[in-house]
Amino acid sequence: MIDRDPKRSGITLYGNPDRFAGRYEELRSWKFGEPVRLPEPFDVEFRTELWRPWDD
């Protein structure tokens, strides 16, 4: 999930769905500006240094 809300902007990777609880486990998070590497099966890295939160 990419959240551009200025109060909590960032990138969060979720996985391991829990069908009984109806939610996903947070696996990793990054701040804007940090490179993001997604694990297998994606195995991709992308840069976020130009990403900015929405304006207030």
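Two strands count as paired if DSSP finds at least two bridges between them, and the strands themselves are DSSP runs (E, at least two residues), numbered from the N terminus. With that in hand, select leucine 13: its bridge partner in strand 3 is arginine 28.

Before going on, a word about the model. It is a predicted one, where local features need pLDDT of at least 70 and side-chain atom pairs count only at pLDDT 80 or more, while totals for chains, interfaces and linings use all residues. Residues are numbered from 1 along each chain as its sequence is written, and side-chain values use heavy atoms, with hydrogens and water left out.

**Stop 1: the sheet**

Switch to cartoon view. You should find an open sheet of three strands in the order 1-2-3, paired antiparallel. Its edges are strand 1 (2–3) and strand 3 (23–30), each of which pairs on one side only. Now colour strands 2 and 3: they run antiparallel and are joined by six bridges.

**Stop 2: leucine 13 and the core**

Go back to leucine 13 and show what surrounds it. Skipping neighbours within four places in sequence, leucine 13 is in contact (heavy atoms within 4.5 Å) with Glu25, Glu26, Leu27, Arg28, Trp30, Leu38 and Pro39.

Next, select Ile11, Leu13, Trp30, Phe32, Val36 and Leu38, which make up the largest nonpolar core. A core here is a set of buried Ala, Val, Leu, Ile, Met, Phe, Trp, Tyr and Cys residues joined through side-chain atoms within 4.5 Å. Strand 2 and strand 4 (36–38) are the elements that give two or more residues to this core.

**Stop 3: proline 35**

Where does proline 35 sit? Look in the loop between strand 3 and strand 4. Proline 35 counts as partly exposed because its relative accessibility is 48%; the class lies between buried (under 20%) and exposed (over 50%), using a 1.4 Å probe and protein chains only. Leaving out residues up to four places away in sequence, proline 35 touches Trp30, Glu45 and Phe46. Try a distance from proline 35 to arginine 47 as well: their C-alpha atoms are separated by 4.6 Å, though the two are 12 residues apart along the chain.

**Stop 4: salt bridges**

Stay on arginine 47, which counts as exposed at 61% relative accessibility. Arginine 47 forms a salt bridge with glutamate 49, with the closest N and O atoms 2.5 Å apart. The term means a side-chain nitrogen of Lys or Arg within 4 Å of a carboxyl oxygen of Asp or Glu. Glutamate 49 is partly exposed, at 33%.

How many salt bridges does a search of the whole structure find? The search finds five. For more of them, jump to arginine 8, whose side chain meets aspartate 3 (3.2 Å, N to O) and aspartate 5 (3.5 Å, N to O). Asp3, Asp5 and Arg8 are thus linked in a salt-bridge network. Is aspartate 3 buried or exposed? Aspartate 3 is buried, because its relative accessibility is 14%, whereas arginine 8 is exposed at 57%.

**Last stop: tyrosine 14**

Finish in strand 2 (residues 10–18), where you'll find tyrosine 14. Tyrosine 14 is partly exposed, with a relative accessible area of 37%.

Notes:
Helices (H or I, at least four residues) and strands (E, at least two) are DSSP runs, numbered from the N terminus.
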